[in-house]
Protein chains: 2
Amino acid sequence: MSSLKFTAETSSDGVVERDFTVGEIPGVLWSPAPGRDRAPLVLMGHGGGTHKKWPAMPGRARRIVAECGFHVAVIDAPGHGGRPRTETDEREIAVMKRAMAAGEPVGPIVVPYNLDIAERAVPEWRATLDALQELPEIGAGGPVGYYGLNMATAIGIPLVAAEPRITAAVFGLFWPHPLSETAKRITIPIEFALQWDDEHIDRQAGLELFEAFGSKEKTLHANVGAHKDLPRFEADSAARFFGRHLGQAA
Amino acid sequence: MSSLKFTAETSSDGVVERDFTVGEIPGVLWSPAPGRDRAPLVLMGHGGGTHKKWPAMPGRARRIVAECGFHVAVIDAPGHGGRPRTETDEREIAVMKRAMAAGEPVGPIVVPYNLDIAERAVPEWRATLDALQELPEIGAGGPVGYYGLNMATAIGIPLVAAEPRITAAVFGLFWPHPLSETAKRITIPIEFALQWDDEHIDRQAGLELFEAFGSKEKTLHANVGAHKDLPRFEADSAARFFGRHLGQAA
């Protein structure tokens, strides 16, 4: 197991931002000001084609740190954020670009490609969680959540199904097949976002993935608008969801 | 037009609760501590078979007062809370009780009966709003919201469609026919709650009423559980929705 190495640190508005590596995996950890007790941890994934510091990531992370006093960690997915690409990555990205340029459906390309990425990403997330829990301000045995939309839902569903340390999750904006089979095994509280007029993911398909989760407590948030128009207030809602389920540490 | 008369006043936790009448209509107004400027107003309806001080009403009202610093007014619906019942009321209540005792579907009874109540209730709400806006702490021209589930959605949809002073609304837990025709004319921001496993309202029917609203900004919150199991955190979400749309006065 690789341990976590911090490589850079900045601080603003009471939030500490630290770049780190766990072996080959680059990540960033947003934390409340030091000197507090241990606090819960939210693992957050980025969407396809972006990276750990894509503007939505620090935006969502800072809300969770400010609202709840939790830690939030993001890692670059395989093939993303300057990480080396496999032959599969290069081929699938080229196919996707052609489909998008031609106005063809992207689901048949995105789904299998993101599941390929997920197979590589799940062990990386588990190693990262091991390393993060060695930090004294996080610790082993504390509450852990997962927050990921789009590709980060394709990674997060198999991760959460395999990882009993994660006890609450926010997912959304992905296709049901074949992930709904894995989602059935998930029983932790879920908040699930979909866009009512998603031009890529059919409305019934989105509802089908929400329906699949085995959780007794799950909430669907459907907003009018296209795939990329998820309202910003959903990030506030996610922060409150984690606050309720991982415990208010602030 | 009848003016508003206060008949009782109590205060706790920084919230002032005043019973009032507007003509024959009894109501209650929850307000922030006096001495502030004018604040927005949320009109809140109670469900069928309950009344203006049914526990959910002060619970939801106090959250909105505390979170947003707004006023919240509830009035007893026709035939509810000790108000006189018409022959229609007596007959429909008896029919509904028999259906519930026999385990028969209640929709075919509740929908026409609640629309009958709505015809009587809409002019009462408009008269109450006129009278409330004469209070110096509310005033004319300020932001007004509407918050009502179950029967209060059956009343609220025709009210909001007719009343341009109302600029944001929370609805939910009702059947689409024939209300969705009226909902199409509503274009203000909407938050809409439904229960994923509602034993009275079919899931597709609930989604159909959400779909009907003409609003560009509308959000569906669907939670796992039966008709009466709407989670309490939806009341917090409604308070934040009104805070966003009516302006933070606190």
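**Exercise 1.** In this predicted model, find how far helix 2 (residues 87–101) of chain B reaches from its first C-alpha to its last, and set that against the span expected at 1.5 Å a residue.

*Solution.* Start by counting: helix 2 of chain B has 15 residues. The expected span is 1.5 Å times one less than the number of residues, which for helix 2 of chain B comes to 21 Å. Next, take the reach in the model, which is 21 Å and close to the expectation. Finally, step past the end of the helix: B:Gly103 follows, with a positive phi near 70°.

**Exercise 2.** Work out which elements of chain B give two or more residues to the side that touches chain A.

*Solution.* Begin with the totals: chain B brings 11 residues to the contact, and chain A brings 11. On the chain B side, the elements to look for are strand 9 (218–223) and helix 7 (233–246). Strand 9 of chain B gives the most, with six residues. Now sort that side of chain B by character: four residues are nonpolar, three polar and four charged.

**Exercise 3.** Describe how strand 9 of chain A pairs with strand 9 of chain B, then find the operation that lays chain B on chain A.

*Solution.* First, the pairing: the two strands run in the antiparallel sense over five bridges. As one example, A:Thr219 has B:Asn223 as its bridge partner. Second, the operation: a turn of 180° with a shift of 0.0 Å along the axis lays chain B on chain A with an RMSD of 0.0 Å. This is the relation of a two-fold axis. Third, the surface: 100% of the contact residues of chain B recur in chain A, so the same surface serves both copies. To place the axis, look to B:His221, whose C-alpha comes closest of the chain B residues, at 2.5 Å.

Terms used:
Residues are numbered from 1 along each chain as its sequence is written. Chains are lettered from A and ligands numbered from 1 in the order in which they are written. This is a predicted model: local features need pLDDT of at least 70, side-chain atom pairs count only at pLDDT 80 or more; totals for chains, interfaces and linings use all residues. Two residues are in contact if their C-beta atoms, placed from the backbone, lie within 7 Å. Helices (H or I, at least four residues) and strands (E, at least two) are DSSP runs, numbered from the N terminus. Ala, Val, Leu, Ile, Met, Phe, Trp, Tyr, Cys and Pro count as nonpolar, Asp, Glu, Lys and Arg as charged, and the others, Gly among them, as polar. Two strands pair if DSSP finds at least two bridges between them. Copies are superposed by least squares on the C-alpha atoms of residues with pLDDT of at least 70 in both.
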